[in-house]
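Let us walk through this structure from a surface patch to the nonpolar cores, and then back out to the surface.

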Amino acid sequence: MLVITLLIASIAAVFYYAANSILDNIYLKKDFAYAISDQISIMNARRSGYDNKYTFFLKGKWHAGFTTLPLRKDGTKYFIKFYPKNPNRNEATKIIAYSEDIKNLPPDGYKKLPHQ
(Lines give C-alpha, C1' and ligand atoms only; values in the text may rest on other atoms or scores of the structure.)
Protein backbone atom coordinates (compact mmCIF):
# COMPACT_ATOMS: atom_id res chain seq x y z
CA MET A 1 0.00 0.00 0.00
CA LEU A 2 2.86 2.38 0.83
CA VAL A 3 4.50 1.71 -2.55
CA ILE A 4 1.28 2.54 -4.39
CA THR A 5 0.83 5.74 -2.38
CA LEU A 6 4.41 6.83 -3.11
CA LEU A 7 3.98 6.00 -6.80
CA ILE A 8 0.78 8.05 -7.03
CA ALA A 9 2.39 10.94 -5.15
CA SER A 10 5.40 10.86 -7.48
CA ILE A 11 3.22 10.86 -10.59
CA ALA A 12 1.14 13.72 -9.19
CA ALA A 13 4.29 15.75 -8.45
CA VAL A 14 5.65 15.22 -11.97
CA PHE A 15 2.28 16.19 -13.46
CA TYR A 16 2.08 19.29 -11.24
CA TYR A 17 5.55 20.55 -12.23
CA ALA A 18 4.98 19.80 -15.92
CA ALA A 19 1.60 21.57 -15.90
CA ASN A 20 3.07 24.52 -13.99
CA SER A 21 5.90 24.83 -16.52
CA ILE A 22 3.44 24.82 -19.42
CA LEU A 23 1.30 27.47 -17.71
CA ASP A 24 4.39 29.63 -17.09
CA ASN A 25 5.21 29.51 -20.81
CA ILE A 26 1.64 30.43 -21.77
CA TYR A 27 1.44 33.36 -19.35
CA LEU A 28 4.92 34.65 -20.20
CA LYS A 29 4.10 34.70 -23.91
CA LYS A 30 0.86 36.60 -23.28
CA ASP A 31 2.08 39.44 -21.05
CA PHE A 32 5.46 40.04 -19.44
CA ALA A 33 7.87 42.58 -18.00
CA TYR A 34 11.46 42.41 -16.83
CA ALA A 35 12.97 42.66 -13.36
CA ILE A 36 16.64 42.27 -12.44
CA SER A 37 18.10 39.39 -10.44
CA ASP A 38 19.56 40.05 -7.03
CA GLN A 39 21.41 36.83 -6.33
CA ILE A 40 22.23 33.63 -8.21
CA SER A 41 23.14 30.51 -6.28
CA ILE A 42 23.54 26.80 -6.96
CA MET A 43 20.62 24.93 -5.48
CA ASN A 44 21.40 21.28 -6.21
CA ALA A 45 23.29 19.15 -8.69
CA ARG A 46 21.51 16.90 -11.12
CA ARG A 47 22.75 14.43 -13.66
CA SER A 48 22.18 16.95 -16.47
CA GLY A 49 23.73 19.90 -14.60
CA TYR A 50 22.88 22.29 -11.79
CA ASP A 51 19.72 24.08 -10.78
CA ASN A 52 20.48 27.74 -10.23
CA LYS A 53 18.25 29.65 -7.85
CA TYR A 54 17.73 33.32 -8.55
CA THR A 55 15.94 35.97 -6.53
CA PHE A 56 14.54 39.37 -7.46
CA PHE A 57 12.75 42.16 -5.65
CA LEU A 58 9.59 43.69 -7.08
CA LYS A 59 6.84 45.83 -5.57
CA GLY A 60 8.12 45.35 -2.02
CA LYS A 61 8.32 41.54 -2.22
CA TRP A 62 11.04 39.00 -2.88
CA HIS A 63 10.44 36.41 -5.59
CA ALA A 64 12.52 33.42 -6.63
CA GLY A 65 12.84 30.95 -9.43
CA PHE A 66 15.03 28.14 -10.69
CA THR A 67 16.82 27.66 -13.99
CA THR A 68 19.30 25.36 -15.64
CA LEU A 69 20.79 28.26 -17.61
CA PRO A 70 24.54 28.63 -17.04
CA LEU A 71 24.37 31.90 -15.07
CA ARG A 72 27.43 33.34 -13.35
CA LYS A 73 27.46 33.42 -9.54
CA ASP A 74 29.99 36.25 -9.28
CA GLY A 75 27.45 39.01 -8.64
CA THR A 76 26.45 39.43 -12.27
CA LYS A 77 22.84 40.65 -12.55
CA TYR A 78 20.46 39.23 -15.15
CA PHE A 79 17.08 40.26 -16.49
CA ILE A 80 14.23 38.11 -15.20
CA LYS A 81 11.13 37.84 -17.34
CA PHE A 82 7.95 37.75 -15.22
CA TYR A 83 4.17 37.82 -15.55
CA PRO A 84 3.04 41.16 -14.05
CA LYS A 85 -0.18 39.80 -12.52
CA ASN A 86 1.75 37.03 -10.75
CA PRO A 87 5.54 37.56 -10.55
CA ASN A 88 5.92 34.03 -9.17
CA ARG A 89 5.52 33.00 -12.81
CA ASN A 90 8.96 33.94 -14.07
CA GLU A 91 12.02 32.75 -15.93
CA ALA A 92 15.64 33.81 -16.03
CA THR A 93 17.29 35.12 -19.15
CA LYS A 94 20.98 35.19 -20.09
CA ILE A 95 20.73 38.94 -20.73
CA ILE A 96 23.05 40.83 -18.39
CA ALA A 97 21.76 43.97 -16.67
CA TYR A 98 24.21 46.86 -16.51
CA SER A 99 24.55 49.32 -13.63
CA GLU A 100 22.51 51.93 -15.55
CA ASP A 101 19.70 49.36 -16.02
CA ILE A 102 19.72 48.56 -12.30
CA LYS A 103 19.72 52.24 -11.30
CA ASN A 104 16.80 53.09 -13.64
CA LEU A 105 14.66 49.99 -12.94
CA PRO A 106 10.99 51.10 -12.78
CA PRO A 107 9.02 49.92 -9.70
CA ASP A 108 6.88 47.63 -11.88
CA GLY A 109 9.81 46.42 -13.98
CA TYR A 110 10.75 47.22 -17.57
CA LYS A 111 8.00 46.67 -20.16
CA LYS A 112 10.74 46.10 -22.71
CA LEU A 113 14.45 45.67 -22.37
CA PRO A 114 16.39 48.94 -22.21
CA HIS A 115 19.05 47.47 -24.52
CA GLN A 116 19.84 44.32 -26.44
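Start in helix H1, which spans residues 2–30 and holds Ile22. The model is a predicted one. Ile22 has a relative accessible area of 52%. Exposed means over 50%, so Ile22 counts as exposed. Ile22 has partners at the surface: with Leu23 and Ile26 it forms a nonpolar patch. Together the three residues offer about 270 Å² of accessible area.

Set that patch beside a general tendency. In soluble globular proteins, nonpolar side chains tend to be buried together.

Now go inside. Which residues make up the largest nonpolar core? There are 11: Ala33, Ala35, Ile40, Tyr54, Phe56, Leu58, Leu71, Tyr78, Ile80, Phe82 and Ala92. Three elements each give two or more residues to this core: strand S1 (33–46), strand S2 (49–58) and strand S4 (78–83). A second core, separate from this one, has 7 residues, including Ile36, Phe79, Ile95 and Ala97.

Take Ala35 as a viewpoint. Leave aside its neighbours within four places in sequence. Ala35 is then in contact with Phe56, Tyr78, Phe79, Ile80, Phe82 and Leu105. Among these contacts, Phe56, Tyr78, Ile80 and Phe82 belong to the largest core. Phe79 belongs to the second core.

Finish at Lys61, in strand S3 (residues 61–67). Is Lys61 buried or exposed? Its relative accessibility is 53%, and the cut-off for exposed is over 50%, so Lys61 is exposed. Look across to Pro87, 26 residues apart from Lys61 along the chain. The C-alpha atoms of Lys61 and Pro87 are separated by 9.6 Å.

Key:
Residues numbered from 1 in each chain as written. Predicted model: local features only at pLDDT ≥ 70, side-chain atom pairs only at ≥ 80, totals over all residues. Heavy atoms only, no water. Patch = residues over 30% accessible without salt bridge, like charges linked within 9 Å, V, L, I, M, F, W, Y side chains within 5 Å. Areas by Shrake-Rupley, 256 points an atom, 1.4 Å probe, with all protein chains shown as cover. Salt bridge = Lys/Arg side-chain N within 4 Å of Asp/Glu carboxyl O. Helix = DSSP H or I, 4+ residues; strand = E, 2+ residues; numbered from the N terminus. Buried < 20%, exposed > 50% of the residue type's maximum accessible area, 1.4 Å probe, protein only. Core = buried A, V, L, I, M, F, W, Y, C linked by side-chain atoms within 4.5 Å. Contact = heavy atoms within 4.5 Å.
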